[in-house]
Amino acid sequence: MTDKVDIRWMEETDSTQDEVKRHFPDYDNLSVAAALLQTAGRGQRGNKWLARGGENLTFSMVLRFGGTGFPPLEASEGFRITKASTLAIVKYLNANGIACSIKWPNDIYVRGKKICGMLIENSLDSGLITSSVVGIGLNVNQTDFPASLVNPTSMTMLTGRQYDLKVELDSLARILADSYGRLFSGQDIDSADREYESLLYRRGVFHEYATSPDGERFEGKILGVSPGGKLCVEDRKGELKKFAFKEISYII
Ligand code: BTN
C-alpha cells in the first residue's frame, strides 16, 4: 500500500481542477487538492458539477509523467488513466459494501444511478502526456439532489451510514495512488483491461443510444472498448461501431 497521500483541504474554492492548475508547481505527483465546497465545479461536456458543500468528496489528484513522476506515457495510452481511476473508485465502493459498474468512459453507476463523475484533463507535449489532473466528484452524505440531476445516488442513500469526508478521502486517495502505481509501471495491464470491460454498465444487452451531434437513435449492445478507449457497440444488424467520447450518448 502507498504511504499516506498529501491532501490539501480547503473550505471553499471555485473548482479543485482550477485550484490545482493555478498552483501547479506546488503539487507533486499523486498529491491532492480537496474542497468542502466548490462554487464553480466543472463536469464533462461543459456541464456544472453540483454537490452540496460539506457533504461530498470533490477533489483533484495530480499525476506527473517523466522525470521523478511515473514513466513517460504516450498520448495513445491515455485511456489507462481512465481505467486506473475508475477501477480504484469501484474497489473503494466495493470495500464499503457498494456494488457498482462503470458507465463508459468514467462515470460510476449503481443500479442505473450515478454516484461518481470524473473529469480528466491532460497536458501533452510531443505525443506524450506530461501531466494529468484527475477531478473526482463522489456523492457521499448528500441524500437530496436538485431536480435537474437525472439519476443521482450517494453512499448514504445506499448504505444508510454517515461518513467522515476526511477519513474517506485518506482511504480513497491511497487506493487511487496504488492503482496508478500498478498500471503506470506496466503491471496488471491485461487484467485491468479485462476488469474494466467486465464492469461496463449495460455490457452485452441491447439498449437505446443516440449518436452525436445528429441525435439519431439506434439500438446497440456494448461489447467492450478498443485499445484507444473507444466504445465498441454492435447494432441490430450485427455491425460493429466504435465511438469516441461525445460521439454517442446513452438514452437513460
Ligand atoms: C462529470 O461527471 O460530469 C464529471 C464531474 C467531475 C467533478 C469533479 S469535482 C472535483 C473536480 N473539480 C471540478 O470542478 N470538477 C471535478
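This report looks at a protein chain, its ligand and a few unusual spots in the backbone.

**The chain as a whole**

The model is predicted, not taken from an experiment. The protein chain holds 5 helices and 13 strands. Its C-alpha trace spans about 50 × 45 × 30 Å along the principal axes. How does the radius of gyration of the protein chain agree with that of a compact globule? For 252 residues, a compact globule would have a value near 18 Å. The protein chain has 18 Å, so the two agree.

**Where the ligand sits**

The ligand occupies the largest pocket. Four elements each give two or more residues to the shell around the ligand: α1 (16-22), β3 (57-64), β7 (113-125) and β8 (128-138). Which of them gives the most? That is β7, with 4 residues.

The shell has 20 residues around the ligand. S15, Q38, R42, Q44 and K114 come nearest. By type, the shell divides into 5 nonpolar, 12 polar and 3 charged residues.

**Polar contacts with the ligand**

Three residues make the contacts listed here. Look at which part of the residue is used, and which ligand atom it meets.

| Residue | Part of the residue | Ligand atom | Distance |
|---|---|---|---|
| T16 | N or O atom of the side chain | nitrogen | 3.1 Å |
| Q38 | polar side-chain atom | nitrogen | 2.8 Å |
| Q44 | backbone N or O atom | oxygen | 2.7 Å |

T16 uses its side chain to meet a nitrogen atom of the ligand. Q38 also meets a ligand nitrogen through its side chain. Q44 uses its backbone, and its partner is a ligand oxygen. How much of the ligand does the protein cover? On its own, the ligand has 410 Å² of accessible area, and the protein covers 98% of that.

**Backbone spots to find**

Now turn to the loops. A cis peptide bond joins W104 and P105, with omega about 0 degrees. P105 lies in the loop between β5 (101-103) and β6 (107-110).

Another cis bond runs from S212 to P213, and its omega is near 5 degrees. Where is P213 found? It is in the loop between β9 (206-211) and β10 (217-225).

D188 deserves a look too. Its phi is near 60 degrees, a positive value, and D188 is a residue other than glycine. D188 has its place in the loop between α4 (165-184) and α5 (189-198).

Terms used
Residues numbered from 1 in each chain as written. Predicted model: local features only at pLDDT ≥ 70, side-chain atom pairs only at ≥ 80, totals over all residues. Heavy atoms only, no water. Near = heavy atom within 4 Å. Polar contact = N/O pair within 3.5 Å; in protein donor to acceptor, adjacent residues only side chain to side chain. Areas by Shrake-Rupley, 256 points an atom, 1.4 Å probe, with all protein chains shown as cover. 1 Å grid on protein atoms, 1.4 Å probe; cavity = no way out; pocket = protein on both sides within 12 Å on 5 of 7 lines; lining within 4 Å. Sits in = over half its atoms within 2 Å of the grid points. Nonpolar A, V, L, I, M, F, W, Y, C, P; charged D, E, K, R; others polar. Rg over C-alpha atoms; globule rule 2.2 N^0.38 Å.
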